[in-house]
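Please open the structure in a viewer and keep the selection panel at hand. The tour below proceeds by selection, and each stop states what is to be found there.

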Amino acid sequence: MLANPNMPLEIDYSEVDGKSYRCIDGCALCCLCQPELLPTEEERFRKDPRFADAIADRHISPDVTGAALKLKGAHGACYFLTDKRCRIYNDRPHYCRSFPINVFVGWRIQLNINLSCRGIGLEGESLGGVSRAIIADYGEGRLSSELESAKRVFTEFVKNTRDTWVAQSFSSVRGAGHSLSGELVDELGLSRVLAYAEHGRTKQNAPANEIAKIVRRTEPDADLEERALIDGTELFDLPDLSLLPIYIDDKNDWKIFRLVGKEIVGYSLSEDGRTQEFSRTNP
Ligand code: SF4
Ligand code: SF4
């Protein structure tokens, strides 16, 4: 069903309300994510000689097709970061102003928190207040049209799941997950859930207790340890350093980890994208 233009937009603030954050001086972790530019910002940046050179030819993520700012080196920090300070703070893009809030558009609009931000939970700004300002900035018109196109994609997805006889209601899946949650901490239970996720079949629109029953009867995965090793290291097994997750230590130094052969190699990352190895671990 598409959005009714006469109805107020349904916006879910439940994840952000009641929470606060404070930006930590010297962190700048979010300046390692390549900032995207809204069409109006791209126009403003292209026209301004102070900013025009900062626009990248392409985003590091192939899924992002719009304009974005350059990174220093192939995988360093944003072009405008110097000594962990933003050189265009008052002109920074909407993307940077919104962090650590993400606006997720699916069946409804949902405000999510990017949990990689270390300032979350510290006393400071209200995340609910920041989120409402972000939504006001987007404007109802733009949000409504994004919501409509997202709903079209989701509707098609649900239709495909029905056509292939694998559709389950959200509440049944949630109910089954809830009933199995105690078993997820047990090796055998976890092994069954993983095997079911990979090969399991349940007839369409099954009730929660039936899904849970079938999971409990599933033949467990034969080699949980091997599987854990593969699943636990695939995140670090990427050829492009710029796509690896970045962590921050208690001294605000940035770290990346990469699977090299059979070891996880840790590197310190500098603003200009240089890396220096500091650890090797057997996963
Ligand atoms: S990640 Fe969070 S704490 Fe760190 S600079 Fe960004 S907003 Fe501030
Ligand atoms: S524009 Fe400024 S705030 Fe945004 S990523 Fe670059 S340095 Fe950080």
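The stops that follow cover two sheets, two ligand sites, two backbone features and a helix pair in a predicted model.

**Stop 1: the three-stranded sheet**

Select E1, E6 and E5, which form an open sheet of three strands in that order, with mixed pairing. Strand E1 (11-12) and strand E5 (101-105) are at the edges; each has a single partner strand, so one side of each lacks a neighbour in the sheet.

Begin with E1 and strand E6 (residues 109-113), which run parallel and are joined by two bridges. Label Ile 11 and, opposite it, Ile 109 in E6.

Next, turn to E5 and E6, an antiparallel pair joined by five bridges. Here Phe 104 has Gln 110 in E6 as its bridge partner. The connection from E5 to E6 is a hairpin through three residues.

Now add helix H3 (residues 127-138) to the selection. H3 lies across E1, E5 and E6, and runs at about 55 degrees to E5.

**Stop 2: the cis peptide bond and ligand 1**

Select Phe 99 and Pro 100. Is the peptide bond between them cis or trans? The bond from Phe 99 to Pro 100 is cis, with omega near 10 degrees. Pro 100 belongs to the loop between helix H2 (94-98) and E5.

Both Phe 99 and Pro 100 are among the residues around ligand 1. Extend the selection to the rest of that shell: Cys 23, Ile 24, Cys 27, Ala 28, Leu 29, Cys 30, Cys 117, Arg 118 and Gly 119. Coloured by class, the shell around ligand 1 shows nine nonpolar residues, one polar and one charged.

**Stop 3: ligand 2**

Move to ligand 2 and display the residues around it: Cys 31, Pro 35, Leu 69, Cys 78, Phe 80, Leu 81, Cys 86, Ile 88, Arg 92 and Cys 96. How many charged residues does the shell around ligand 2 have? The class counts for the ligand 2 shell are nine nonpolar, no polar and one charged.

Then select Asp 83, in the loop between strand E3 (81-82) and strand E4 (85-86). Asp 83 is not a glycine, yet its phi is positive, at about 50 degrees.

**Stop 4: a helix pair**

Two packed helices are described by the angle between their axes and the distance between the axes. Select helix H5 (residues 170-180) and helix H7 (residues 208-217), which pack at an angle of about 50 degrees with their axes 8 Å apart. That angle makes H5 oblique to H7. The crossing of H5 past H7 is right-handed.

To view the contact itself, show Ser 172, Val 173, Gly 175, Ala 176, Ser 179 and Leu 180 on H5; these meet Ala 208, Ile 211, Ala 212 and Val 215 on H7. By class, seven nonpolar and three polar residues make up the contact of H5 with H7, with no charged residues.

**Stop 5: the four-stranded sheet**

Finish with E8, E9, E10 and E11, which form an open sheet of four strands in that order, with antiparallel pairing. Its edge strands are strand E8 (246-248) and strand E11 (275-281), each of which pairs on one side only. From one strand to the next, the twist averages 35 degrees.

As a last selection, take strand E10 (residues 263-269) with E11: six bridges connect this antiparallel pair. Gly 266 is found opposite Ser 279 in E11.

Note on methods: Residues are numbered from 1 along each chain as its sequence is written. Chains are lettered from A and ligands numbered from 1 in the order in which they are written. This is a predicted model: local features need pLDDT of at least 70, side-chain atom pairs count only at pLDDT 80 or more; totals for chains, interfaces and linings use all residues. Axes are lines fitted to C-alpha atoms, for helices over the stretch in contact, and angles run from 0 to 180 degrees between N-to-C directions. Angles under 35 degrees count as roughly parallel, over 145 as roughly antiparallel, 65 to 115 as roughly perpendicular and the rest as oblique. A crossing is left-handed if the near helix is turned anticlockwise from the far one by less than a right angle, and right-handed if clockwise. Two residues are in contact if their C-beta atoms, placed from the backbone, lie within 7 Å. Ala, Val, Leu, Ile, Met, Phe, Trp, Tyr, Cys and Pro count as nonpolar, Asp, Glu, Lys and Arg as charged, and the others, Gly among them, as polar. Two strands pair if DSSP finds at least two bridges between them. A residue is near a molecule or strand if its C-beta atom, placed from the backbone, lies within 6 Å of it.
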